[in-house]
Amino acid sequence: MNRSLILFAALTAALLIGLFFLFKPTPPSPAVTVETPTAATDEAGSSTAQPAPTPEAQPVRLVLAQGHLSDGPAIIRVEQGTRLRLTIVSDGAGEWHLHGYDLHAQLTEQTPAEVTFVAAHSGRFEHELHGTGQHAHGALGVIEVYPPSP
């Protein structure tokens with residue numbers, strides 16, 4: 001085989017391996033995982049609980065200052081089917097928006113706004129602020145929705 005073809009193949013393989021490690025996702029740091037209660041099982045493995053009523057919404061508080069997330073998790077991780085209750089407090093007027101779910105909340109200065117929904121779609125969904133003035137538009141964080149555990 002041609003020596004330059006072997007060299008080309010080796011360089012291509014090294015480049016692909018390097019790109020894999022360069023772009024390999026790393027776990028994000030500040031996050032909160034919301035646990036979804038599960039039914040208890042007995043020693044035989046059968047369920048000991050009656051079908052659970054709709055679970056209470058899991059609370060998450062987000063505080064916005066000058067158009068940025070100042071308190072609360074930057075990444076919210078939940079299992080698909082979890083009910084979330086987001087309480088959003090802002091130091092200015094604007095509109096909070098969750099992409100992928102097309103949810104909106106009107107924000108007024110220092111007045112908590114609540115958004116309750118079921119995380120029915122798995123994926124990574126950005127939420128952001130649409131406001132006025134200097135901080136008219138900005139990403140706040142993400143909600144990661146994982147498929148249910150087997």
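A salt bridge here is a side-chain nitrogen of Lys or Arg within 4 Å of a carboxyl oxygen of Asp or Glu. By that rule, the side chains of E144 and R124 meet in a salt bridge, at 2.2 Å from N to O. The legends below describe a predicted model.

**View 1. The protein chain comprises one helix and ten strands.** The helix comes at the N-terminal end, and the order of elements is α-β-β-β-β-β-β-β-β-β-β. The protein chain has 150 residues, of which 27% are buried. Consider the contacts with a separation of 6 or more: 59% of them involve residues 24 or more positions apart.

**View 2. E144 and R124 form a salt bridge at 2.2 Å, N to O.** E144 lies in strand β10 and R124 in strand β9 (residues 123–131), so the bridge ties together parts 20 residues apart in sequence. The two ends differ in exposure. E144 is buried, with a relative accessible area of 7%. R124 is exposed, with a relative accessible area of 52%. R77, R124 and E144 belong to one network, joined by salt bridges that share partners.

**View 3. E144 also forms a salt bridge with R77.** The closest N and O atoms of this pair are 3.1 Å apart. E144 belongs to strand β10 (residues 137–146) and R77 to strand β4 (residues 75–79), so this pair ties together parts 67 residues apart in sequence. Both E144 and R77 are buried.

**View 4. R85 and E114 meet in a salt bridge.** Their side chains come to 4.0 Å, N to O. R85 is in strand β5 (residues 83–90) and E114 in strand β8 (residues 113–118); the pair links distant parts of the chain, 29 residues apart. R85 is partly exposed, at 25% relative accessible area. E114 is exposed, at 53%. In the whole structure, the search finds three salt bridges.

**View 5. The largest nonpolar core has 22 residues.** Nonpolar side chains tend to be buried together in soluble globular proteins. L86, I88, W96, F117 and I143 have the most contacts inside this core. Several strands give two or more residues to the core: β2 (58–65), β4, β5, β6 (94–98), β7 (103–107), β8, β9 and β10.

**View 6. This close-up centres on I88 and the residues in contact with it.** Neighbours within four places in sequence are left aside here. The remaining contacts of I88 are L62, L64, W96, L107, T111, P112, A113 and V115. I88 and W96 are both among the core residues with the most contacts inside the core.

**View 7. Four strands form an open sheet.** Their order is β3-β2-β5-β8, and the pairing is mixed. β3 (68–71) and β8 stand at the edges, each with a single partner strand, so one side of each has no neighbour in the sheet. From one strand to the next, the twist averages 35 degrees. Strands of a sheet pair through backbone hydrogen bonds, either parallel or antiparallel.

**View 8. β2 and β3 pair in the antiparallel sense.** The pairing runs over three bridges. L64 has L69 in β3 as its bridge partner. L64 is also in contact with I88.

**View 9. Y101 and F117 form a tilted aromatic pair.** A pair of aromatic rings is described by the distance of the centres and the angle of the planes. For Y101 and F117, the distance is 5.3 Å centre to centre, with 55 degrees between the planes. Y101 sits in the loop between β6 and β7, F117 in strand β8; the pair links distant parts of the chain, 16 residues apart. Both residues are buried. F117 is also one of the residues with the most contacts inside the largest nonpolar core.

**View 10. Y101 and F125 form an edge-to-face aromatic pair.** The centres are 4.9 Å apart, and the planes make an angle of 75 degrees. Y101 lies in the loop between β6 and β7 and F125 in strand β9, so this pair ties together parts 24 residues apart in sequence. Y101 counts as buried at 15% relative accessibility. F125 is buried too, with a relative accessible area of 12%. Y101, F117 and F125 form one aromatic cluster. The count of aromatic pairs comes to two.

How values were computed
Residues numbered from 1 in each chain as written. Predicted model: local features only at pLDDT ≥ 70, side-chain atom pairs only at ≥ 80, totals over all residues. Heavy atoms only, no water. Buried < 20%, exposed > 50% of the residue type's maximum accessible area, 1.4 Å probe, protein only. Core = buried A, V, L, I, M, F, W, Y, C linked by side-chain atoms within 4.5 Å. Contact = heavy atoms within 4.5 Å. Pairing = 2+ DSSP bridges. Axes fitted to C-alpha atoms, helices over the stretch in contact; angles between N-to-C directions. Phe/Tyr/Trp six-rings, centres within 6.5 Å; stacked < 30°, edge-to-face > 60°.
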